[in-house]
Every structure is written in structure tokens, then in C-alpha cells.
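Please open the structure in a viewer with the sequence panel visible. The tour below proceeds selection by selection and states what is to be found at each stop.

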Amino acid sequence: MEMSILVKMYCKSLEKLETDKLRIGVALGGGSARGYAHIGALATLEQYNIKPSVIAGTSFGAVIGAIYASGKSPAEMAEIAKSMRRRDLFSYVGRDLGLGRVALFTGNGLERYYRDVIGDYDIKDLEKELIVVTTDVDTGERVLLDSGDLARALRASSAIPGIFASVDIDGRRLVDGGLGSPIPFESLKRDDIDLVIGIGAGTTSEESVSIRRTKNLLNTKWGKSLHNKLENSSNTNPFSRLGRGLAYTANTYMLEPKPLLLQVHTMPPINWLEFNKAELAIDAGKKALEAFMPRILADIADLKNKAA
């Protein structure tokens, strides 16, 4: 049976499922400009009457999640994205070189950018529940932010080690959430959430030569030794924090896939800095979710049958 027919059949059943009574969480991974695919993914979910109650996001996924949680529709988000240009972001970021802190940029400009584009919110005051996922650069622990200054939290979740300086929040030095949670599925595994959908937009090892080479290096004796030293260093100087951040990044390359999780990768056909190609990424997100929809709707139907 063709995929489009399957989707229509499930969609017809979905009308009877009262999905508004389900608590659905969506976990959005990072990917910089590739993360625009999340807009298309959210649009497809809404097309099938699936409106997430909770969004967890890491890096650019947190940014898209924050805009959505602030009340913007996918259509409004798409218009914002299509008008975005790389120079718009760089005009904020470029003024904040921070080489003295072992990072190219301090991140102050990035925080101003988020505040200007999204608004001056406390996370807990958004229309939808949002969890911004970050990583403690000193311990490698995942740190979830569900209250506090939104722009600062987004800055922390986007702070790629070596590119942006870490952000001090509640006594912890926080950086890119994607280091520990490329797709923050686990952040939404809670008793009050019925179903979690994970959506990825970052580069995979199938797409990236550099990721494949890193994985090969980590499988050598020398690579394992270096990785272990970087990851377990107890020094608190900036260079050690940067080394730990790089080691945590490498960890994500070695994670084994979990096929049982309800996750889909959108595979947007752009690189992480092509902010002027949002439409291509959005379209990839729509298509990926459309193809994955039978699996999502089947899981929703199972939930409703069990509750009946």
C-alpha cells in the first residue's frame, strides 16, 4: 500500500482520537541553519492535528522551540526564517570577539539577537512549556532549564565550545546542549507526557566525512587515550574546559542509535551556515514528517486503545 494512502487512513482514524487530551512532547535537535527543518516538521504535525504540549530543544532546536512556544504558528515562523540572512546574525555576533576566553566570541551578541527576535521572556511565561537543554562543561551533565531568562538560556544551549564562551547560570558553566543530547528525547521521558517525538536536523556520520574520521580516530588506542584524558581532566582553566567540551562532542558521534525511540531525522540539504536557504530546510522537515506520520499515528492509536 502506498505511503500516502496509509497516512490518509491513519489521519481519518486520528479524527476520533481526541489528540488534544494527550500530552505530546517534541524534542528538537540542533543543527544551526539546518534546524529550520523543525519548522516544516511542526507544520506537518499541526496538519495532522498534533499540537505538542511540551517542547525540549537543544541549540538551534531550542531557538525554534522557543519561537513556537511563544505563540508563533509554523506559517509565521516560516516567514521569519525565509527573510533571515547570515549577515543579520553576524551583525550581532561579530561585535563580540572573545579570544582571551578561549572562544571566538563571548556570546553577548548572540543573546541580544535572541532577545530582539523572540522577545524578553522568562521561560515559564511562554504559551507552551519549553525545556532548554544545556551541558555543564565541567561535568558533562545535562542541565535542563525550564525557568529563567529565555535569551540567556538559548545563548547557553547554543554555546559551541571554542566558538562561544560558556554561560554562567546558577553557578554552573553551561554550553551547547547537543554535546550530551543531540536530540533531547530523554529530557521528555516523564510520567505526565504520553508520547515523545524526537526530530533531528544536525549532520549525521553518513553525511559528514569529518564525523566519520573522528569516529575512526576514537576507535584507535591513541584516540581513546586522548579522549579519556580530555574528558576526565579535573582542571578548571579555559583550555581544559574547551578540551572537555570537545570530548563531550566526540561522545555524541559514538552514541548507538536507538531504533525503538520515536525519532526521525529530517536530513535538510543545506549546511549549518546557509541561513539564506531556510525554505529548503523547511521543505525537508515537512517531507520527513509526512513519511514518518504513519508510525506516529499508529503509536497515538495504541495509546488511545490502551486508555479505552
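A nonpolar core is a set of buried Ala, Val, Leu, Ile, Met, Phe, Trp, Tyr and Cys residues joined through side-chain atoms within 4.5 Å. The model on display is a predicted one.

**The whole chain**

Begin with the protein chain in cartoon form, where eleven helices and eight strands can be traced. The chain has 308 residues, of which 51% count as buried. Among its contacts between residues at least 6 apart in sequence, 75% join residues at least 24 apart.

**The largest nonpolar core**

Which residues of the largest nonpolar core touch the most other members? Select Tyr 36 and Ile 296, which hold that position among the 81 residues of this core. Next, colour helix H11, residues 278-307; with ten residues, H11 gives the most to the core.

Keep Tyr 36 selected and display its surroundings. Apart from neighbours within four places in sequence, Tyr 36 is in contact with Phe 60, Ile 64, Ala 81, Met 84, Phe 275, Ala 278, Ala 281 and Ile 282.

**Helix H2 and its cover**

Now select helix H2, residues 37-47. Is H2 mostly covered or mostly uncovered? Eight of the eleven residues of H2 are buried, and the helix is mostly covered. The buried residues are Ala 37, His 38, Ile 39, Gly 40, Ala 41, Leu 42, Thr 44 and Leu 45. To view what covers them, add strand S1 (24-28), H3, H4, strand S7 (195-200) and H11, all of which are included in that cover.

**The pairing of H2 with H4**

Hide all but H2 and helix H4, residues 74-82. The two helices pack at an angle of about 160°, and their axes are 9 Å apart. Because angles over 145 degrees count as roughly antiparallel, H2 is described as roughly antiparallel to H4. The crossing in which H2 passes H4 is left-handed.

Show side chains at the contact. H2 contributes Ile 39, Leu 42, Ala 43 and Glu 46, while H4 contributes Pro 74, Met 77, Ala 78 and Ala 81. By class, this contact of H2 with H4 comprises seven nonpolar residues, no polar residues and one charged residue.

**Two residues with positive phi**

Most residues other than glycine have a negative phi. The next two selections depart from that pattern: Asn 49 and Ser 59.

Move just past the end of H2 to Asn 49, which takes a positive phi of about 65°. Asn 49 belongs to the loop between H2 and strand S2 (54-58). Its relative accessibility is 44%, so Asn 49 counts as partly exposed.

Continue to Ser 59, in the loop that runs between S2 and helix H3 (60-69). Ser 59 also has a positive phi, here about 55°, although this residue is not a glycine. Is Ser 59 buried or exposed? Its relative accessible area is 12%, and a residue under 20% counts as buried, so Ser 59 is buried.

**A last stop at Ser 187**

Finally, select Ser 187, in the loop between strand S6 (172-176) and S7. Ser 187 counts as buried because its relative accessibility is 5%. Setting aside neighbours within four places in sequence, the residues in contact with Ser 187 are Ala 56, Ile 131, Val 133, Arg 142 and Leu 144.

Notes. Residues are numbered from 1 along each chain as its sequence is written. This is a predicted model: local features need pLDDT of at least 70, side-chain atom pairs count only at pLDDT 80 or more; totals for chains, interfaces and linings use all residues. Side-chain values use heavy atoms; hydrogens and water are left out. Axes are lines fitted to C-alpha atoms, for helices over the stretch in contact, and angles run from 0 to 180 degrees between N-to-C directions. Helices (H or I, at least four residues) and strands (E, at least two) are DSSP runs, numbered from the N terminus. Angles under 35 degrees count as roughly parallel, over 145 as roughly antiparallel, 65 to 115 as roughly perpendicular and the rest as oblique. A crossing is left-handed if the near helix is turned anticlockwise from the far one by less than a right angle, and right-handed if clockwise. Contact means heavy atoms within 4.5 Å. Ala, Val, Leu, Ile, Met, Phe, Trp, Tyr, Cys and Pro count as nonpolar, Asp, Glu, Lys and Arg as charged, and the others, Gly among them, as polar. Buried means under 20% relative accessible area, exposed over 50%, partly exposed in between (1.4 Å probe, protein chains only).
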